[in-house]
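This report looks at internal space and charged pairs in a single protein model. The sequence and coordinates come first, and the notes follow.

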Amino acid sequence: MVEARAGGICEYCRSLRRFVPEPFNVEHIIPVAHSGKTEARNLAWACAGCNYHKGDKIEGIDPQTGRRLRLFNPRRHRWKDHFAWNEDATLMIGLTATGRATINALRLNREELINLRWALRTLNLHPP
Ligand SMILES: [Zn+2]
């Protein structure tokens, strides 16, 4: 159900599951450690890397202002309101403080993601 809702892509970094070797996970947007519930509105589908970097975090630091902010919530926020791609679609750009804090906390421009985006872009499979 969570997987189908996500449409085959990580709800944070937008990687296509069929090209990522590690398994994807249903993750708690508000972690159980912060009393997040296991219910559809608190669950997202994430690649192993995003899930690992998110861990039990609910906040990240906006590198532009140093402010601590709640992370992007795929159930409450629209990806396009907070993120965009750079010119060659290899880097995610934070359009808002929330977007920047989330890119920072989840390392959404990890080297392997940049490489994957570049490769998929050449096959016209990215951005999704
Ligand atoms: Zn991801």
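The sections below cover the cavity, one residue of its lining, and the salt bridges of this predicted model.

## Internal cavity

The count of cavities of 30 Å³ or more comes to one. The largest cavity holds about 50 Å³ of space.

Its lining consists of Cys13, Arg14, Ser15, Leu16, Leu113, Leu116, Arg117, Leu120 and His126. Sorted by class, five of the lining residues are nonpolar, two are polar and two are charged.

## His126

One of the residues lining the largest cavity is His126, found in the segment after helix H5 (111-122). Is this side chain buried or exposed? His126 counts as buried because its relative accessibility is 7%, and the cut-off for buried is under 20%.

The side chain of His126 reaches the backbone oxygen of Ala89, at a distance of 2.6 Å. Leaving aside residues up to four places away in sequence, His126 touches Trp85, Ala89, Arg117, Leu120 and Arg121. Arg117 and Leu120 also appear in the lining of the largest cavity.

## Salt bridge between Asp62 and Arg100

Seven salt bridges are found in a search of the whole structure. One of them pairs Asp62 with Arg100, with 2.8 Å between the closest N and O atoms. Asp62 sits in the loop between strand E3 (59-61) and strand E4 (68-70), while Arg100 belongs to helix H4 (residues 97-106), so this salt bridge ties together parts that are 38 residues apart in sequence. Both Asp62 and Arg100 are buried.

## Other salt bridges

Asp81 and Arg78 also meet through their side chains in a salt bridge, at 3.2 Å from N to O. How exposed are the two partners? Asp81 has a relative accessible area of 41% and is therefore partly exposed. Arg78, at 56%, is exposed, because the cut-off for exposed is over 50%.

A further salt bridge links Arg110 and Glu112, whose closest N and O atoms lie 3.5 Å apart. Arg110 has a relative accessible area of 8% and is therefore buried.

## Summary

The model has one cavity of 30 Å³ or more, and His126 is among the residues lining the largest cavity. Of the charged pairs described, Asp62 and Arg100 are both buried, whereas Asp81 is partly exposed and Arg78 is exposed.

How values were computed. Residues numbered from 1 in each chain as written. Predicted model: local features only at pLDDT ≥ 70, side-chain atom pairs only at ≥ 80, totals over all residues. Heavy atoms only, no water. 1 Å grid on protein atoms, 1.4 Å probe; cavity = no way out; pocket = protein on both sides within 12 Å on 5 of 7 lines; lining within 4 Å. Points joined across faces, edges and corners; volume = space filled by probe spheres on them. Nonpolar A, V, L, I, M, F, W, Y, C, P; charged D, E, K, R; others polar. Salt bridge = Lys/Arg side-chain N within 4 Å of Asp/Glu carboxyl O. Helix = DSSP H or I, 4+ residues; strand = E, 2+ residues; numbered from the N terminus. Buried < 20%, exposed > 50% of the residue type's maximum accessible area, 1.4 Å probe, protein only. Polar contact = N/O pair within 3.5 Å; in protein donor to acceptor, adjacent residues only side chain to side chain. Contact = heavy atoms within 4.5 Å.
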